[in-house]
Amino acid sequence: MTSPSAQPLPSRDRDAGDSPAGNTRDGLSDEELDAAECAFFFDVDGTLLDIAERPEGVHVPAALVSDLHALHRRAGGALALVSGRPVRELDTLFAPLRLPAAGVHGIELRPDTGAEIDVRAPRIDDGLRTAIGAVTNRWRGVFAEDKGVGLAVHYRAEPDAGPALKHALADIVAGRDDLAILPGHMVFEIKPSGHHKGGAVEALMKRPPFAGRFPVFFGDDVTDEDGFAAALAAGGTAFAVGRSFPGARTSLSDAAAVRRLVHRLAQAQPAERRI
Ligand SMILES: [Mg+2]
């Protein structure tokens with residue numbers, strides 16, 4: 001595979017509505033987000049990418065891959081994806097780019113692109129998998145996504161199923177202190193308890209190149225709230241995309257706005273501003 005640093009990535013497919021730097025600021029001061037001093041943490045679905053009907057249906061704009069590549073370099077490597085998806089899936093989505101990443105809500109951690117993926121929980125057991133499969137079979141549009149160390153039960157195609165589905169899943173994990181249900185956008189994540197995106201941020205902020213930088217977390221969902229809190233607790237800031245969260249900015253309306261900001265940050269010339 002071609003190394004992402006060996007050649008420029010394509011820059012076509014830019015989002016409609018993009019404009020030269022300075023036209024739309026989303027209420028930001030570039031001085032606050034100098035890539036040379038920041039550690040960036042990005043949720044993926046709904047934050048960098050538009051949500052799709054099924055997880056495999058997302059579109060990854062080539063321009064976003066190019067901009068993330070540039071911003072990762074500008075930030076001295078301190079840019080990580082923090083997602084509910086497994087890290088290997090993130091690698092496939094953003095190929096040929098590989099980034100530091102936390103997968104499955106912090107259960108998987110790869111602090112730098114050359115490291116192995118550290119899986120910090122055992123695989124879920126087959127009994128649980130079977131029980132959840134029996135529940136999802138009650139609805140045509142409900143399905144389980146197997147992440148190895150967790151399961152995501154999606155009901156986007158069957159929104160009315162939400163309350164009954166939640167109840168049935170709660171029955172399955174009742175009495176299991178080792179498991180937790182994390183609600184998200186039309187999804188319930190069943191995963192080992194004690195792991196969340198905030199833990200991933202804390203772990204990454206202890207190591208170079210993240211340590212000592214200003215953490216900035218971008219997320220759109222309930223599952224990002226621990227990430228917001230960890231960034232704020234470490235003296236950084238958080239962008240709640242299309243929703244509100246105490247202490248977080250809310251000026252980015254959707255994933256397209258995040259992509260425009262990533263583009264501006266990737267293109268910024270902070271050294272010139274400091275003279
Ligand atoms: Mg999300």
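Against which elements do the buried residues of α7 pack? They pack against α1 (62-74) and β10 (214-219); contact is counted when C-beta atoms, placed from the backbone, lie within 7 Å. This is a predicted model, in which local features need pLDDT of at least 70, side-chain atom pairs count only at pLDDT 80 or more, and totals for chains, interfaces and linings use all residues. Residues are numbered from 1 along each chain as its sequence is written.

**Nonpolar cores**
- The largest nonpolar core (buried Ala, Val, Leu, Ile, Met, Phe, Trp, Tyr and Cys residues joined through C-beta atoms within 7 Å) has 54 residues, of which F40, F41, L71, A80 and V201 touch the most other members.
- Helix α7 (residues 255-267) gives the most to this core, with 6 residues; helices are DSSP runs of H or I, at least four residues, and strands are runs of E, at least two, numbered from the N terminus.
- A separate second core of 15 residues includes L151, Y155, A161 and L169.

**Helix α7**
- Of the 13 residues in α7, 10 are buried (20 or more other C-beta atoms within 10 Å of a residue's own).
- Among the buried residues are A255, V258, L261, V262 and L265, as well as R259, R260 and R264.

**Helices α5 and α6**
- The axes of α5 (residues 197-205) and α6 (residues 225-233) come within 6 Å and cross at roughly 35°; axes are lines fitted to C-alpha atoms over the stretch in contact, with angles from 0 to 180 degrees between N-to-C directions.
- K197, G198, V201 and E202 of α5 meet D226, G227, A229, A230 and A231 of α6.

Methods: Buried ≥ 20, exposed ≤ 12 C-beta atoms within 10 Å, placed from the backbone. Contact = placed C-beta atoms within 7 Å.
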